[in-house]
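Here's a quick briefing to keep beside you while you look at the model. It starts with the record and then moves through the ligand surroundings and one of the strands.

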Amino acid sequence: MTTVLRNDWKVSEVLDFFQMPFNDLIFKSHSIHRENFNPNTIQISTLLSIKTGGCPENCSYCPQSAHHNTNLEKQQLMNVDEIVNEAKSAKDAGASRFCMGAAWRNLHDRDLEYICEIIRRVKSLGLETCMTLGMLKDGQAEKMKEAGLDFYNHNIDTSEEFYDKIITTRKFEDRIDTIEKVRNSGLNVCCGGIVGMGEDIEDRAKMLITLANFEKHPESVPINQLVKVDGTPLQNEKDIDGFDFIKTIAVARIMMPKSYVRLSAGRTKMNEQMQALCFFAGANSIFFGEKLLTTENPEELSDLALMKKLGISGI
Ligand code: SF4
């Protein structure tokens, strides 16, 4: 069967996926996964926070927002040599991509040259590079691409309809605008969202439809499970059912058959069996390293042990 890439998904057909019997859904998603990828390899990235905390945005899930009191230690933009050392360690540990995040509302032109220097130095180690720096203005993505940037991450977070329950300092359209700038620059797009923030299944379906109905699917689609951090407005949010999370991965795989679907934040709360089911359903990328920006992530050794048990190798 040849995979057809679609960007005309309708809410009703995506909701039908979510209503399918679990075994039927993951059989379908795994079959599509197998057609497009080696199911026994996963892509490994490492994420470093290069500027931490004090962000003027009010994302309800984020400990780095200046609007929430999370006792997070703030950190200015890191020195390039320190970043390069972290990137070397990530490469030695098996990462193929080094992702760097700064808690900014948007990238200022005054920081652009320094960011480009960081990109050049990390790229020269033979790693793929990814940045997540907030909203972009015209021309900034092109400059970073010239410096050697491979991916830019900018998540849509949730559905357009649910967006103002989670963030009010920017609009859903602002996200789309930056994602379009990234796409038009020729950079690879890393774009996904978070589940477990109180949204309903229709919101999850609509979030996936926004991603899958872009003219070109994001090359990388991180699906995060909310990490409830004390001091954030979502600290007491109800846990998402594990099967609902796995279904979200499966539906993402069905709708975006050739994208890398990344099992991202929230993995520390998932046991090995749940992670294995996520890989079966179509997840084929993870972050390595103890921290995901500021929230916990499984240690590399436990990831390697799990991969060994499953016969999965990293790329
Ligand atoms: S998610 Fe990003 S933009 Fe939102 S508060 Fe956190 S660092 Fe700022």
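Which residues does UniProt list for "domain: Radical SAM core"? The unreviewed entry gives residues 40–267. Keep in mind that what you're looking at is a predicted model.

**The listed domain**
- Across residues 40–267, helix makes up 35% of the chain and strand 18%.
- The C-alpha atoms at the two ends of that stretch sit 19 Å apart.

**Around the ligand**
- The ligand's surroundings are made up of Cys55, Glu57, Cys59, Cys62, Gln64, Ser65, Ala103 and Gly134.
- Sorted by character, that shell has four nonpolar residues, three polar ones and one charged one.
- UniProt's unreviewed entry lists Cys55, Cys59 and Cys62 under "binding site", and those three cysteines also appear among the residues around the ligand.

**A look at Cys55 and Cys59**
- Cys55 lies in the loop that links strand S1 (41–51) to helix H3 (80–92), and Cys59 is in the loop between S1 and H3 too.
- Is Cys55 buried or exposed? Cys55 is buried, because 22 other C-beta atoms fall within 10 Å and 20 or more is enough to count.
- Cys59 has 24 C-beta neighbours inside 10 Å, so Cys59 counts as buried as well.
- Setting aside residues up to four places away in sequence, Cys55 touches Gln64, Ser65, Ala66, Ala103, Trp104 and Arg105.
- With neighbours within four places left out, Cys59 is in contact with Ser65, Ile166 and Ile167.
- Ser65, then, is a contact of Cys55 and of Cys59, and Ser65 is also one of the residues around the ligand.

**Strand S7 and its partners**
- Strand S7 (residues 220–225) is largely enclosed by the rest of the structure, because six of its six residues are buried.
- Ser220, Pro222 and Asn224 point one way from S7, while Val221, Ile223 and Gln225 point the other way, and all are buried.
- On one pairing, S7 runs parallel to strand S6 (residues 193–195) over three bridges, with Ile194 opposite Asn224.
- On another, S7 runs parallel to strand S8 (residues 260–263) through four bridges, and Ile223 has Leu263 as its bridge partner.
- What do S6, helix H8 (residues 201–212) and S7 make together? They form a right-handed β-α-β unit.
- S7, helix H9 (residues 242–255) and S8 also build a right-handed β-α-β unit.

Terms used: Residues numbered from 1 in each chain as written. Predicted model: local features only at pLDDT ≥ 70, side-chain atom pairs only at ≥ 80, totals over all residues. Near = placed C-beta within 6 Å. Nonpolar A, V, L, I, M, F, W, Y, C, P; charged D, E, K, R; others polar. UniProt positions renumbered as here; feature names shortened; annotations may be inferred. Buried ≥ 20, exposed ≤ 12 C-beta atoms within 10 Å, placed from the backbone. Contact = placed C-beta atoms within 7 Å. Pairing = 2+ DSSP bridges. Right-handed = clockwise from strand over helix to strand, strands pointing away.
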